[in-house]
Amino acid sequence: QVQLVESGGGLVQAGGSLRLSCAASGFGTYTMGWFRQAPGKDRNFVAAISWSASNTYYADSLKGRFTISRDNAKNTVYLQMNSLKPEDTAVYYCNAVAVVPGKIYGIAYWGKGTLVTVSS
């Protein structure tokens, strides 16, 4: 049974940090990723990591501030977010992903996500 449970969101001031966690069961050796959806906007790709962690992918605009990692023994994927900005405010989701030329997209049912609010 596949399951995705995101956690770690909250309210943080601009310039602060948060670490999100995704408990991902039933996905085996899939590449996993994070996405986010700001109010009134589409869900967009944030970052992804292969099962071995040998490959990582980031949205260009987030490189240097966000870091994705995973602990396969705990079936958990993390997103460390630093130097947060008000425009990072969104619901953050994790999912197994497919990586094709020019696009990375989620392939499983979406979880409930975790809300990150960055105040100015």
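**Entry 1. Burial and surface**

I began with burial: of the 120 residues of the protein, 42% count as buried. I note here that the model is predicted. For the surface, I found that the protein exposes about 6,500 Å². Carbon and sulfur atoms supply 48% of that exposed area.

**Entry 2. Elements and overall dimensions**

I listed the secondary structure next and got 11 strands and zero helices. Read from the N terminus, the order of elements is β-β-β-β-β-β-β-β-β-β-β. I then checked the radius of gyration, which is 13 Å, close to the 14 Å that the globule rule gives for 120 residues, so the protein is as compact as a globular protein of that length. Along the principal axes, the C-alpha trace spans about 40 × 30 × 25 Å.

I also looked at how contacts are distributed along the chain. Taking the contacts with a separation of 6 or more, I found that 54% are between residues 24 or more positions apart.

**Entry 3. Charges**

I looked up the charges and noted 11 positive and 6 negative ones. The mean positions of the two sets are 2 Å apart.

**Entry 4. The disulfide**

How many disulfides does a search of the whole structure find? I ran it over the whole structure and it returned one. The partners are Cys22 and Cys94, with their sulfur atoms 1.8 Å apart; the cut-off for calling a disulfide is 2.5 Å. The pair links distant parts of the chain, as Cys22 is in strand β3 (residues 18-25) and Cys94 is in strand β9 (residues 90-100). The two cysteines are 72 residues apart.

I noted the geometry as well: the angle about the S-S bond is 55°, and the link of Cys22 and Cys94 is right-handed. Are Cys22 and Cys94 buried or exposed? I found Cys22 buried, and Cys94 buried too.

**Entry 5. Ile68**

I picked one residue to follow up, Ile68, which is found in strand β7 (residues 66-71). Its relative accessible area is 5%. Buried means under 20%, so Ile68 is buried.

Which residues is Ile68 in contact with, leaving aside its neighbours within four places in sequence? On the N-terminal side of the numbering I wrote down Met32, Gly33, Trp34, Ala47, Ala48, Ile49, Thr56 and Tyr58. The list also holds Val77, Tyr78 and Leu79.

From these partners I took Ile49 for a distance check. Ile49 and Ile68 are 19 residues apart along the chain, and their C-alpha atoms are separated by 6.7 Å.

Key: Residues are numbered from 1 along each chain as its sequence is written. This is a predicted model: local features need pLDDT of at least 70, side-chain atom pairs count only at pLDDT 80 or more; totals for chains, interfaces and linings use all residues. Side-chain values use heavy atoms; hydrogens and water are left out. Helices (H or I, at least four residues) and strands (E, at least two) are DSSP runs, numbered from the N terminus. Buried means under 20% relative accessible area, exposed over 50%, partly exposed in between (1.4 Å probe, protein chains only). The radius of gyration is taken over C-alpha atoms; the globule rule is 2.2 Å times the number of residues to the power 0.38. Contact means heavy atoms within 4.5 Å. Accessible areas come from the Shrake-Rupley method with a 1.4 Å probe; for residues, only the protein chains shown count as cover. Lys and Arg count as positive and Asp and Glu as negative; His and the chain ends are not counted. The place of a charge is taken as NZ of Lys, CZ of Arg, CG of Asp or CD of Glu.
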